[in-house]
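Here are my notes for your review. They take the ligand site, then the sheets, then a few backbone details.

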Amino acid sequence: MSSINDKVSVRRDGEIGVILVDNPPVNALGHAVRDGMVKACAELAADPAIHAIVVACAGRTFFAGADITEFGKPRQEPWLQEAIERIEQCGKPTVAAIHGTALGGGFEVALGCTYRVMVERAQVGLPEIHLGLLAAGGGTKRLPRLIGPEATLKLCLSGERLSAARALELGVADHVGGEDPIAAGIAFARTIVGKPFVPVSEREDKLAAARADSAAFDALAAKLTARAAGQAAPHANVESVRDSFTLPFAEGMAKDARTIDALIAGSQSRALRHLFFAEREAARIPGQPADVQARRVRTAAVIGAGTMGGGIAMSFAGAGIPVTVVDTTQEALDRGLDRVRANYATSVKRGSMTQAAMDERLARISGATDRAAAAAADLVVEAVFEDMDVKREIFADLGASAAPGTILSSNTSALDVDAIAEVLERPEDFVGMHFFAPANVMKLVEVVRGARTSAETIATAMAAGRAIGKIPVVAGNCDGFIGNRMLARRSQEVERLLQRGATPRQIDEAAKAFGFPMGPLAIADMSGLDVGWFIRKRRGTPFPIADAICEKGWFGQKTGAGYYRYEAGAREGTDNPDVAALVAEVAGRLGIAQQRFDNDAMIERILFPLVNEGARILEEGIAYRASDIDVVWVNGYGWPRHGGGPMFWADEVGLAAIVARLDAFAADTPEDPSLRPAALLRTLAASGSSFAEWQQDRAKQG
Ligand code: NAD
């Protein structure tokens, strides 16, 4: 074996040469790797004793992708496109020996090889779309030459991975088998020595159908991008895959090189890359002693078989964790479990779940009306009515009956977790676990740290959240934690816009144009207006328009009217003229002048105060990081992923501009002191800084 550099070496096994890359942890395709590979390939290509070349990686995976830290920096040659082309055109047949996950640039290296051999558990994929990018290293050009443009488009736009078996079926892999990629690669290479071969970029037959008639491709592209209006990357991917059959190979590659530069520099990809790191960072808990271990969660219990309880139970069952659901009466329990069954049945009907998987999951969910059934679980999640007395009664009982070491948690939306913990003998084992509806789908869990919650309990709640496929974010204990506390500011400003003459539809359309999947008023109608009304009455914080609507008995979709009107069973509302009359009446009574707002003005009015509350949340240490707030909003509240989250967005807008607008809002609404810019926001704006810089500085200080 001889070294090319500290990451790449060459070895010879008879007439087979092996390029072996070792760049832990995941063999990212940084400059040294690319340079070493090209040199190794040239050496083997020039060796007359070598008749085929295997490309393989040491460690746990074939190249897992490009080196993300190089993004946005000037290209260092050989760039990925060039490196792959040099391997492809080296004059000898090449075999990619794939284990682990060959993703993005890693899969592109494999596509540049003449053949692909995969061990059984290996996977390949082009996940660039998740970072707002495209596979510009030849992925969108070579893959269509193996599996056709339509199958390529599906993979590029979903970012989905292919198993080795599926890759073989589609024609991506030439051989699957074994566990040792190098042995498999060498064995396969021996079978192709001396045979004629064609580089992938020169294979044209899979493109013929689309070249003759692109209607099927166009129809698929329209379908797959139907919900991607305003997003750069999906459209760039469509164009790039289309270029595979409309442009000569080299021309398409040159165009991809330009497109990827534009995407990398654009704010959408920056936002997506920000979230990629933010979601990983959210798992780290500052100040947590290194020796803290999460307890094992092998079984779970959920108290309350309602909307949330059912969804939470499904999340456990989906992760292979047996779960007991407890409700007060058999009737309530049956209703809850029937809803779970119906939910699964819908998935089976849609084809997203097999009947066998449904049966398996249902078998993991058991029901009980006796709370004692929860006592043996490793983790209990309480999801009963949002009522302090009911919750305290439950925890007083659970605290006494649960086995020592059981983690007790509440799914409360806004109650004081310390007040709940007061009834417990072991408050250190108690934590908030705030899920989002529908809980079997939504990724976010706010892990709410009480004053006495132990580090071990936090670690367990975080680990359990991840185990059931969620993205847990730690929040401090305050009214509404991170997400609902900021949401309350948005709701307040939506109410003010209504009072001043913006219609529900105008507000909702502005939010949708910004990228939210639904507007705030359509969401309110869907969730039921009575819940908020009840809370406002309890707190003595009236919303004149919303309250007047509720006083009419219009609670949204369930009553056929709310901010919109709903025909029987309809989910899409039509404008409700009675609301316009009500607004006129309330505004007249309160002497509120009617104005016109454009989309930008509405967005500023509803989202700048939300950002301001985010700044207060940081000042108070309720969130550890600005990026945690972004993770909360993107995964729990429909903030568009390509918009990066509220704090990222605020940095993009510029904090000085936000402060200036907030000062104006505070001046026109002096009765609401929360509109005044938070001290942190003002300080950062004054120094020309950003939330991102503030976060970096704090991380450096430890
Ligand atoms: P729900 O009314 O749909 O369900 C509550 C269930 O708890 C009912 O089945 C009820 O019979 C049961 N229950 C009541 N008292 C009980 C007791 N003593 N023992 C056992 N079961 C009991 O309510 P939900 O919407 O599922 O909300 C539950 C909790 O989740 C609340 O704290 C709520 O604030 C919170 N939450 C709700 C949402 C949401 O969007 N619905 C989102 C996040 C958090």
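1. First, a term for the ligand site. A residue counts as near the ligand if one of its heavy atoms lies within 4 Å of it. Keep in mind that this is a predicted model.

2. Which residues come nearest to the ligand? They are Met308, Asp327, Glu386, Lys391 and Ser413, out of 24 residues around the ligand. By class, the shell has 12 nonpolar, 8 polar and 4 charged residues.

3. Now the polar contacts. At aspartate 327, an N or O atom of the side chain is 2.6 Å from a ligand oxygen. Methionine 308 uses its backbone instead: a polar backbone atom there is 2.8 Å from an oxygen atom of the ligand. Valine 384 also offers a polar backbone atom, 3.2 Å from a ligand oxygen. As for cover, the ligand has 830 Å² of accessible area on its own, and the protein covers 78% of that.

4. Which elements give two or more residues to the shell around the ligand? Helix 13 (307-318), helix 16 (388-401) and strand 16 (430-435) do. Helix 16 gives the most, with 3 residues.

5. Next, the sheet of 7 strands. This sheet is open, its pairing is mixed, and the strand order is 1-2-3-4-5-7-10. Strand 1 (2-3) and strand 10 (175-176) are the edges, each pairing on one side only. Inside the sheet, strand 4 (residues 52-57) runs parallel to its partner, strand 5 (residues 94-98), and the two share 3 bridges. Valine 55 has alanine 96 of strand 5 as its bridge partner.

6. What packs on this sheet? Helix 7 (residues 181-192) does. The helix touches strand 2 (8-13), strand 3 (16-21), strand 4, strand 5, strand 7 (115-118) and strand 10. Its direction makes about 155° with that of strand 5.

7. There is also an open sheet of 3 strands. The order is 6-8-9, again with mixed pairing. Its edge strands are strand 6 (101-103) and strand 9 (161-163), and each pairs on one side only. From one strand to the next, the twist averages 20°.

8. Look at the pairing here too. Strand 6 and strand 8 (residues 123-125) are parallel, with 3 bridges between them. The bridge partner of leucine 103 in strand 8 is glycine 125. Helix 3 (residues 105-112) lies across both strand 6 and strand 8. The helix runs at about 90° to strand 6.

9. Where are the cis peptide bonds to check? One runs from glutamate 77 to proline 78, with omega near -5°. Proline 78 sits in the loop between strand 4 and helix 2 (80-88). Another cis bond joins alanine 437 to proline 438, with omega near -10°. Proline 438 is in the loop that links strand 16 to strand 17 (444-449). Strand 16 is also one of the elements that give two or more residues to the ligand shell.

10. One last backbone item. Asparagine 27 has a positive phi, near 55°, although the residue is not glycine. Where does asparagine 27 lie? The residue is in the loop between strand 3 and helix 1 (31-46). Strand 3 is among the strands touched by helix 7.

Definitions and conventions. Residues numbered from 1 in each chain as written. Predicted model: local features only at pLDDT ≥ 70, side-chain atom pairs only at ≥ 80, totals over all residues. Heavy atoms only, no water. Pairing = 2+ DSSP bridges. Helix = DSSP H or I, 4+ residues; strand = E, 2+ residues; numbered from the N terminus. Contact = heavy atoms within 4.5 Å. Axes fitted to C-alpha atoms, helices over the stretch in contact; angles between N-to-C directions. Polar contact = N/O pair within 3.5 Å; in protein donor to acceptor, adjacent residues only side chain to side chain. Areas by Shrake-Rupley, 256 points an atom, 1.4 Å probe, with all protein chains shown as cover. Nonpolar A, V, L, I, M, F, W, Y, C, P; charged D, E, K, R; others polar.
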